[in-house]
Amino acid sequence: MSKNSKVLNLKDKVSGNEADLSLSNLTEVPVRELAMFPKATVLDLSCNNITSLPPEFCSLTHLVKVDLSKNQLTCLPDDLGNLVNLQHLDLYNNKLTVLPASFSHLRNLKWLDLKDNPLEPGLAKAAGDCLDEKQCKQCAAKVLQHTRALQEEVDRAREKRLLREKELERKREVKQREREAREKEARKREKAEEKERRRKEYNAQMAALAAQEQQKKKREEKKRKNGQAAEKKAAVESAPKPRRSVCGLLFRLLLLLLLLLAAAAAACRLTDLRREAVCVAVDDGLSWVRVQQGEVGRLLLKLSAAAGELLDAAKTTENANV
């Protein structure tokens, strides 16, 4: 069947403000065609085989009265609350168990029939029997109140869920910031440790170089001092040598002279040369030596003392330089 024929057939079913599509063996609602008749505020879809309403049905906001009784509806669209002008809704004899949360938005709803539906217990209790006009009005009021309570509960649950999600997100962010802070602190600590290690290595190198330089200076200073000490020792040792040599030489000469005189005297006495001039001179020399023996001894003692003083002075100077 073409779209034009549907419109034509629908026109045949629209009278004034009422569109009567009952007993039409419909399995779905012709929403597009109904939208072409905004003045048809009363819609009768009873006694068909409709199992669900399309989401587009909620765009028919001009509807005031809708009869969906004696169909096979198992659920209603989530946005049913968009039908803000709806005042009368007949859902008798369907297969509904629950109503959408947006049902609480039907603030103008004054009449509702939910008989002969397998409603969940809470909703069935709120709906009541709907046996007459008064009960159906009460049904509308109580069901709206019930769905509002459910909606509030849903809103609270959603709010709690959002709060939990926000709290979890906040905790995740806190943990993330803490982890980043720890990582940053660890990187900072590693850099500080690396810098400290490099500084210690540098200080160790500088200390080693300084120690080497100090050792080199000490060796040079020791070498210099040793050289100076050697020079001074050599100077000190070399100073008294001539005097000691002179003293020894004089002593040796005196001894040699005495030996010669003694030998000459012995030769003169053992031979017939006693009266010769040489022997006489030797005797005179020995006599002079005997006379001057004390003076010679004192002279030798003085020379020995002077040599000893020179040696002591040289040793003292050497020790002071070392």
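**View 1. Met206 and a nonpolar patch on the surface.** Methionine 206 sits in helix α4 of this predicted model. Is Met206 buried, exposed or partly exposed? With a relative accessibility of 34%, methionine 206 counts as partly exposed. Together with Tyr202 and Leu209, Met206 makes up a nonpolar patch on the surface. The accessible area of these three residues adds up to about 300 Å².

**View 2. The whole protein chain, before zooming in again.** Seven helices and six strands make up the secondary structure of the protein chain. If you walk along the sequence, you meet them in the pattern α-β-β-α-β-β-β-β-α-α-α-α-α. The chain has 322 residues, and 26% of them count as buried. Its accessible surface is about 22,500 Å², with 55% of that belonging to carbon and sulfur atoms. Now take the contacts between residues at least 6 apart in sequence: 39% of these join residues at least 24 apart.

**View 3. An open sheet of six strands.** The strands line up in the order β1-β2-β3-β4-β5-β6, and their pairing is mixed. Which strands stand at the edges? They are β1 (14–15) and β6 (111–113). Each has a single partner strand, so one side of each is left without a neighbour in the sheet. As a bit of background, strands of a sheet pair through backbone hydrogen bonds, either parallel or antiparallel.

**View 4. Where β5 meets β6.** Strand β5 covers residues 88–90 and runs parallel to β6. How many bridges join β5 to β6? There are three. Look for aspartate 90 here: opposite this residue stands aspartate 113, in β6.

**View 5. The largest nonpolar core, with Leu112 in the middle of the action.** This core has 42 residues, and those with the most contacts inside it are Phe57, Phe103 and Leu112. Helices α2 (31–34), α3 (121–127) and α4 (133–238), along with strand β6, each supply at least two of the core residues. The largest share comes from α4, which gives five residues. Zoom in on leucine 112 and leave aside its neighbours within four places in sequence. You'll then find leucine 112 in contact with Leu89, Leu91, Phe103, Cys130, Cys136, Cys139, Ala140 and Val143.

**View 6. Leu109, a buried residue in a loop.** Leucine 109 belongs to the loop between β5 and β6. Its relative accessible area is just 4%, so leucine 109 is buried, given that buried means under 20%. What does Leu109 touch, not counting residues up to four places away in sequence? Its contacts are Leu86, Gln87, His88, Leu89, Phe103, Ala140 and Leu144. Pick out histidine 88 from that list: this residue and leucine 109 are 21 residues apart in sequence, yet their C-alpha atoms are 6.1 Å apart in space.

**View 7. Ser69, buried in another loop.** Serine 69 is found in the loop between β4 (65–67) and β5. With a relative accessible area of 7%, serine 69 is buried. Not counting residues up to four places away in sequence, serine 69 touches Ser46, Cys47, Asp90, Leu91, Tyr92 and Asn94. You've already met Asp90, which stands opposite Asp113 in β6.

**View 8. Arg161 and Glu165, a salt bridge along helix α4.** Side chains of opposite charge can pair when their charged atoms come close. The count of salt bridges in this model comes to ten. In the one shown here, arginine 161 pairs with glutamate 165, and the closest N and O atoms are 3.9 Å apart. Both residues lie in helix α4, four residues apart, which is about one turn of the helix. Arginine 161 is partly exposed at 38% relative accessible area, and glutamate 165 is partly exposed at 40%.

**View 9. Glu167 meets Arg170.** Here the side chains of glutamate 167 and arginine 170 form a salt bridge, 2.5 Å from N to O. What separates the two along helix α4? They are three residues apart, so about one helical turn lies between them. Glutamate 167 is partly exposed, with 31% relative accessible area, and so is arginine 170, with 42%.

**View 10. Glu196, Arg199 and a network of salt bridges.** Glutamate 196 and arginine 199 form a salt bridge whose closest N and O atoms are 2.3 Å apart. Both are in helix α4, three residues apart, or about one turn of the helix. Glutamate 196 is partly exposed at 31% relative accessible area, while arginine 199 counts as partly exposed at 41%. Glu194, Arg197, Arg198 and Glu201 are joined into one network by salt bridges that share partners.

Methods
Residues numbered from 1 in each chain as written. Predicted model: local features only at pLDDT ≥ 70, side-chain atom pairs only at ≥ 80, totals over all residues. Heavy atoms only, no water. Pairing = 2+ DSSP bridges. Core = buried A, V, L, I, M, F, W, Y, C linked by side-chain atoms within 4.5 Å. Buried < 20%, exposed > 50% of the residue type's maximum accessible area, 1.4 Å probe, protein only. Contact = heavy atoms within 4.5 Å. Patch = residues over 30% accessible without salt bridge, like charges linked within 9 Å, V, L, I, M, F, W, Y side chains within 5 Å. Areas by Shrake-Rupley, 256 points an atom, 1.4 Å probe, with all protein chains shown as cover. Salt bridge = Lys/Arg side-chain N within 4 Å of Asp/Glu carboxyl O.
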